[in-house]
Amino acid sequence: MTFITGMLLIDAPASALNNSGEPIPGARTDNTSSVKSIRTASGMYPYVSAQAVRYWLRNTLETSEEITWHASPVHREEKVAYTDANPLTYWDDDLLGYMRAPSKRSKKDEVDPGLTPLEDEQGKPTTVTRVSPLRVSTFVSIAPVTITVDYSTMSRQDGDPVPYEHQFYRATLQGLISLDLGMAGKFYYRRRTGFQNLDAVRRALAEESQLEHLEAEKAYRFGRDERLHRVQSLLLGLSRLQGGAKQATHYTDVSPAVAILAVTTGGNHPFNYLFKERNGVPQFQEQVFATTLDDARDQLLSPVYVGWKPGYLPEEQAKATQVDADGVQVEHVSPRAAFEGIADWLAQHQEAWDA
């Protein structure tokens, strides 16, 4: 099993990237907005949910003029929403997973006619599900912070100003990503939750599209070029990540300030503990990095790309560049170049991950 494994830092200097929907405790006004945070004995840790990060990624991929991406349409019913669940056509259904069950509506013509039908071999309604090949962690502040409450008013109208309050914070958020390369562009028809990716309709489409049929695995797979194209686009989206709440008043660049990436065997993450904090500021642990490279050398297939934004914590960046990698190839570049480096490496070494 082969994975793209990455650790990302997002610099949030004065931000409210993921709101909780809960009122601010002890607020002076009725109109409030609080941020998501984890309460511990040592203090409050703001966080951004994995769901929010994945939403940012989808939106970045769909709206960027630099990236080729085929997004799945979303169908909404009264209490549920789902994508078309067709990974043959739509790239986010392939790489970000899906679940779609038959509608309980009694009239067939009430189902969106633009959706790919759901049918088993007997023509009866069925369910398709796909475990997301891309795994994303919660992005959590590396240190406890004091969350600030900002008191504001809406005063452009006649009469008394309307007061409201919202929370924001200054923090560095750390998160992990992992992309299962073996699952990219590969679709199962097993009767198992998460692996019944294809029903009879989608299997017929796979045959028509001349996908490779892996009969022993009960799966179909795209050729190398198509799989590579989809993965490369996803990597470009991660490097250009945009999104977050309160951007009109707390504009924050959420593209990674630091990205440490490699292609690895196995899904365990070697780069999780490279940073500690001191007085709330990230501190790069060069000895931990050196030990990690030594311990993981048999797990590493590609060079390790250390992407660092110019001007972000230059003293800590200098520590990273001075680590003795002891035979492991380490590339010190910008975060965007790190993702592009991984994409280029995949193009030149498909035999390493496309077995």
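This is a short talk about how some helices, aromatic rings and single residues are arranged in one structure.

Hi everyone, and thanks for having me. One thing before we start: what you see is a predicted model.

Let's begin with the helices. Two packed helices are described by the angle between their axes and the distance between the axes. Please find helix α4, which covers residues 224–239, because we will look at two of its partners. The one to start with is helix α1, residues 50–63. The axes of α1 and α4 come within 9 Å and cross at roughly 110°. How do the two helices lie with respect to each other, then, parallel or perpendicular? They are roughly perpendicular. The crossing also has a hand, and for α1 and α4 it is right-handed.

Which residues actually meet there? On the α1 side we have L57, T60 and L61, and on the α4 side S233, L234, G237 and L238. If you sort the residues of this contact by class, you get four nonpolar, three polar and no charged.

Now turn to the other partner, helix α7, residues 335–348. The axes of α4 and α7 come within 8 Å and cross at roughly 170°. An angle over 145 degrees counts as roughly antiparallel, and that makes α4 roughly antiparallel to α7. From α4, the contact involves L228, V231, Q232, L235, L236, L238 and S239. Facing them in α7 are R336, F339, E340, I342, A343, L346 and A347. By class, that contact has ten nonpolar residues, two polar ones and two charged ones. Notice L238, please: L238 takes part in the contact with α1 and also in the contact with α7.

While we are on α4, have a look at R224, which lies in this helix. R224 counts as partly exposed, because its relative accessibility is 41%. R224 and E351 are 127 residues apart in sequence, yet their C-alpha atoms are 9.5 Å apart in space.

On to the aromatic rings. A pair of aromatic rings is described by the distance of the centres and the angle of the planes. How many aromatic pairs does a search of the whole structure find? It finds eight. One of them is W69 with W91, an edge-to-face pair with 5.8 Å from centre to centre and 85° between the planes. This pair links distant parts of the chain: W69 sits in the loop between α1 and β5, W91 sits in helix α2, and 22 residues separate them. Both W69 and W91 are buried.

Another pair is F187 with F222. Their ring centres are 5.9 Å apart and their planes stand at 90°, so this pair is edge-to-face. Here too, distant parts of the chain are linked, with F187 in strand β13 and F222 in the loop between β15 and α4, 35 residues apart. Are these two buried or exposed? F187 counts as buried because its relative accessibility is 0%, and F222 counts as buried at 14%. Elsewhere, ring pairs link F275, F284, F289 and W308 into a cluster.

Keep F187 and F222 in view, and find L211 in the loop between α3 and β14. Setting aside residues up to four places away in sequence, L211 touches L88, F187, A206, Y220, R221 and F222. With a relative accessible area of 8%, L211 is buried. L211 and K186 are 25 residues apart in sequence and 9.3 Å apart in space, C-alpha to C-alpha.

Finally, a little about the backbone. Most residues other than glycine have a negative phi. A85, though not a glycine, has a positive phi of about 60°. Where is A85? A85 lies in the loop between β6 and α2, and A85 is buried, with a relative accessible area of 0%. N279 is not a glycine either, and its phi is positive at about 55°. You will find N279 in the loop between β17 and β18. Is N279 buried or exposed? At 75% relative accessibility, N279 counts as exposed.

That's my tour. Thanks for listening!

How values were computed:
Residues numbered from 1 in each chain as written. Predicted model: local features only at pLDDT ≥ 70, side-chain atom pairs only at ≥ 80, totals over all residues. Heavy atoms only, no water. Axes fitted to C-alpha atoms, helices over the stretch in contact; angles between N-to-C directions. Helix = DSSP H or I, 4+ residues; strand = E, 2+ residues; numbered from the N terminus. Parallel < 35°, antiparallel > 145°, perpendicular 65-115°, else oblique. Left-handed = near helix turned anticlockwise from the far one by under 90°. Contact = heavy atoms within 4.5 Å. Nonpolar A, V, L, I, M, F, W, Y, C, P; charged D, E, K, R; others polar. Phe/Tyr/Trp six-rings, centres within 6.5 Å; stacked < 30°, edge-to-face > 60°. Buried < 20%, exposed > 50% of the residue type's maximum accessible area, 1.4 Å probe, protein only.
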